Amino acid sequence: MTREAVTGTARAQLTGHCRDLSLGGALLAVTTALAEGTTHDFRLSLDDETLVVRGEVRRCRQLADGAGYEVGVRFLALSSEGQARLERYLEQSGS
C-alpha cells in the first residue's frame with residue numbers, strides 16, 4: 001500500500017450565530033476555525049427565511065474564553081433578490 005497525499009474539497013455544516021450583520025458581510029461566532037482567505041457558502045436565517053450567500057473569511061480569531069472562534073466574513077456573491085431581502089431585514093431590525 002502506498003501513502004499518497006489526497007487533496008480535495010470537503011463539505012461540512014457547522015452552527016454558530018451572527019454577532020453583526022451588514023450588506024457587506026458578517027461577524028460570526030462559530031465552534032470551528034475557518035481559514036482566512038477561504039470561501040464558503042453561508043446560510044443566514046433572516047426571520048422566517050434563509051438567505052444563502054458566498055463569503056470570504058477575512059479573519060478568524062479564537063474567543064477569549066476559548067470556546068469558539070470569531071469569524072469576519074466579506075460577502076462575495078449575493079443575488080439582487082438576496083441583496084433586497086438583506087436590505088429589508090436590516091431596515092426592519094434597525095441595524
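The side chain of Glu56 makes a polar contact with the side chain of Arg74, at 2.6 Å. This pair is found in a predicted model, and the report below starts from Glu56 before turning to the protein as a whole.

## Glu56 and its surroundings

Glu56 is part of strand S4, which covers residues 49–62. Its relative accessibility is 15%, so Glu56 counts as buried, the limit being under 20%. Leaving out residues up to four places away in sequence, Glu56 touches Gly37, Thr38 and Thr39, and also Gly72, Val73, Arg74 and Leu76. Arg74 is thus one of the residues that Glu56 touches, and the two side chains are also joined by the polar contact.

## The protein as a whole

The protein has 1 helix and 5 strands. Read along the sequence, these elements follow the pattern β-β-β-β-β-α. The C-alpha atoms fill a box of roughly 60 × 35 × 20 Å, taken along the principal axes.

Of the 95 residues, 31% count as buried. The protein exposes about 6,900 Å², and carbon and sulfur atoms supply 44% of that area. Among contacts with a separation of 6 or more, 43% are accounted for by residues 24 or more positions apart. The protein has 11 positive and 13 negative charges, and the mean positions of these two sets are 6 Å apart.

## The nonpolar core

In soluble globular proteins, nonpolar side chains tend to be buried together. Here the largest nonpolar core has 18 residues. Which residues have the most contacts inside this core? They are Leu21, Leu46, Val71, Phe75 and Leu86. Strand S2 (25–30), strand S3 (39–46), S4, S5 and helix H1 (80–93) each supply at least two residues of the core. S4 gives the most, with 4 residues.

Val71, one of the residues with the most contacts inside the core, lies in strand S5, which spans residues 69–77. Val71 counts as buried because its relative accessibility is 0%. Apart from residues up to four places away in sequence, Val71 touches Ala26, Leu27, Leu28, Val30, Leu34, Val57, Arg59 and Cys60. The C-alpha atoms of Val71 and Thr32 are 39 residues apart along the chain and are separated by 9.6 Å.

## Other residues of strand S5

Glu70 also has its place in strand S5. Is Glu70 buried or exposed? At 18% relative accessibility, Glu70 counts as buried, since buried means under 20%. The side chain of Glu70 makes a polar contact with the side chain of Arg19, at 3.2 Å. Beyond residues up to four places away in sequence, Glu70 touches Arg19, Leu27, Leu28, Arg59, Cys60, Arg61 and Leu63.

Tyr69 lies in strand S5 as well. With a relative accessible area of 22%, Tyr69 is partly exposed. Setting aside neighbours within four places in sequence, Tyr69 is in contact with Leu28, Ala29, Val30, Thr31, Thr32 and Ala33, and further with Cys60, Arg61, Gln62 and Leu63.

## Two loop residues

Asp47 lies in the loop between S3 and S4. At 57% relative accessibility, Asp47 counts as exposed, because exposed means over 50%. Most residues other than glycine have a negative phi. The phi of Asp47 is near 55°, a positive value in a residue other than glycine.

Ser79 has its place in the loop between S5 and H1. Its relative accessible area is 46%, so Ser79 is partly exposed.

## Distances between C-alpha atoms

The table sets sequence separation beside C-alpha distance for residue pairs named in this report.

| Pair | Separation in sequence | C-alpha to C-alpha distance |
|---|---|---|
| Val71 and Thr32 | 39 residues | 9.6 Å |
| Ser79 and Val53 | 26 residues | 8.4 Å |
| Tyr69 and Asp47 | 22 residues | 24 Å |

The last row links strand S5, where Tyr69 lies, with the loop between S3 and S4, where Asp47 lies.

Key. Residues numbered from 1 in each chain as written. Predicted model: local features only at pLDDT ≥ 70, side-chain atom pairs only at ≥ 80, totals over all residues. Heavy atoms only, no water. Buried < 20%, exposed > 50% of the residue type's maximum accessible area, 1.4 Å probe, protein only. Polar contact = N/O pair within 3.5 Å; in protein donor to acceptor, adjacent residues only side chain to side chain. Contact = heavy atoms within 4.5 Å. Core = buried A, V, L, I, M, F, W, Y, C linked by side-chain atoms within 4.5 Å. Areas by Shrake-Rupley, 256 points an atom, 1.4 Å probe, with all protein chains shown as cover. Lys, Arg positive; Asp, Glu negative; His and termini not counted. Charge placed at Lys NZ, Arg CZ, Asp CG, Glu CD.
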